[in-house]
Amino acid sequence: RGTQLGPQAGGSASEISRDPAVDLAQLRRQDAPAVMTRHVISTPQAPAAIGPYSQAVSSGDTLFLSGQIPIDPSTGELVSGDIELETRRVLDNLGFVLRAGGADFADLVKTTIYLTDLADFAAVNRVYAERFGDSPPARATVQVSALPKGARVEIDGIAQIVKKSGS
């Protein structure tokens, strides 16, 4: 017979029980953290969502940012030009959403870059490095077959919302 874990044995619900008599659902209820509120984040400074999604959602101290493409929020049109110009627009849009959610680029812990052509990787990296400097977040870059509105680059992210002093 396995070891019983949980409050009765001084353990917690996150530990694995090998005793079928232990009701893990009950343990989870007892150890459940406080309910985190979910807030939709929206700003007119960034392009409006072009589908059934939010620009960002915060849950607890985590901010989940939807992907941004190089849309000029004032016109709603895709910025055209070289990939560096498009990447700057994407990062500007991401920055507006970050600020609306109470964060900034230094608070990003993970981003994903979607490119329709990995030949643009070096140019996108140059612009990305300008924005993040010596302390970039974790990141993945993937090539995709297509992006919304014919964009060539999209970036999404996850940030940790840090309470600033005085707030």
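The following is a set of questions and answers about a predicted model of a protein chain.

Student: How many helices and strands does the protein chain have?
Tutor: Along the sequence, the elements follow the pattern α-β-β-β-β-β-α-β-α-β-β. Counted by type, the secondary structure comes to three helices and eight strands.

Student: What is the order of the strands in the open sheet of six strands?
Tutor: The pairing in this sheet is mixed. Its edge strands are β1 (38-41) and β7 (138-143), each pairing on one side only. Neighbouring strands are turned by 15° against each other on average, direction ignored. The order is β1-β2-β3-β8-β6-β7.

Student: In which sense do β2 and β3 pair, and which residue of β3 stands opposite Ser58?
Tutor: Strands of a sheet pair through backbone hydrogen bonds, either parallel or antiparallel. Strand β2 covers residues 56-59 and strand β3 covers residues 62-68, and the two pair over four bridges in the antiparallel sense. The residue opposite Ser58 is Leu63.

Student: Which residue in the turn of the β2 and β3 hairpin has a positive phi?
Tutor: The hairpin has two residues between its strands. The phi in question is about 65°, and the residue in the turn that has it is Gly60.

Student: Leu63 also has a partner in β8; which residue is that?
Tutor: Strand β8 spans residues 153-160 and pairs with β3 in the antiparallel sense, over five bridges. Opposite Leu63 in β8 stands Ala159.

Student: How many bridges join β6 and β8, and what is the bridge partner of Thr112?
Tutor: Strand β6 takes in residues 108-115, and its pairing with β8 is antiparallel. The pairing runs over seven bridges. In β8, the bridge partner of Thr112 is Asp156.

Student: At what angle do α2 and α3 pack, and how far apart are their axes?
Tutor: Two packed helices are described by the angle between their axes and the distance between the axes. Helix α2 is residues 83-100 and helix α3 is residues 121-132. Their crossing is right-handed. The angle is about 35° and the axes are 9 Å apart.

Student: How many residues in the contact of α2 with α3 are nonpolar?
Tutor: On the α2 side the contact includes Ile83, Thr87 and Leu91, and on the α3 side it includes Val124, Tyr128 and Phe132. Charged residues take part as well, among them Glu84 of α2 and Arg131 of α3. The division is one polar, six charged and seven nonpolar.

Student: Which strands does each of these two helices lie across?
Tutor: Helix α2 runs at about 150° to β3 and lies across β1, β2, β3, β6 and β8. Helix α3 runs at about 155° to β6, and the strands it lies across are β6 and β7.

Student: Why is Asp117 classed as partly exposed?
Tutor: Asp117 is placed in the loop between β6 and α3. The class of partly exposed lies between 20% and 50% relative accessible area. Asp117 falls in that class because its relative accessible area is 37%.

Student: Which backbone nitrogen does the side chain of Asp117 reach?
Tutor: A polar contact needs N or O atoms within 3.5 Å. The side chain of Asp117 comes to 2.9 Å from the backbone nitrogen of Ala119.

Student: What share of the residues in the protein chain is buried?
Tutor: Buried means under 20% relative accessible area. Of the 167 residues in the protein chain, the buried share is 36%.

Key
Residues are numbered from 1 along each chain as its sequence is written. This is a predicted model: local features need pLDDT of at least 70, side-chain atom pairs count only at pLDDT 80 or more; totals for chains, interfaces and linings use all residues. Side-chain values use heavy atoms; hydrogens and water are left out. Two strands pair if DSSP finds at least two bridges between them. Axes are lines fitted to C-alpha atoms, for helices over the stretch in contact, and angles run from 0 to 180 degrees between N-to-C directions. A crossing is left-handed if the near helix is turned anticlockwise from the far one by less than a right angle, and right-handed if clockwise. Contact means heavy atoms within 4.5 Å. Ala, Val, Leu, Ile, Met, Phe, Trp, Tyr, Cys and Pro count as nonpolar, Asp, Glu, Lys and Arg as charged, and the others, Gly among them, as polar. Buried means under 20% relative accessible area, exposed over 50%, partly exposed in between (1.4 Å probe, protein chains only). A polar contact is a pair of N or O atoms within 3.5 Å; within protein, one must be able to donate a hydrogen and the other to accept it, and residues adjacent in sequence count only if both atoms are side-chain atoms.
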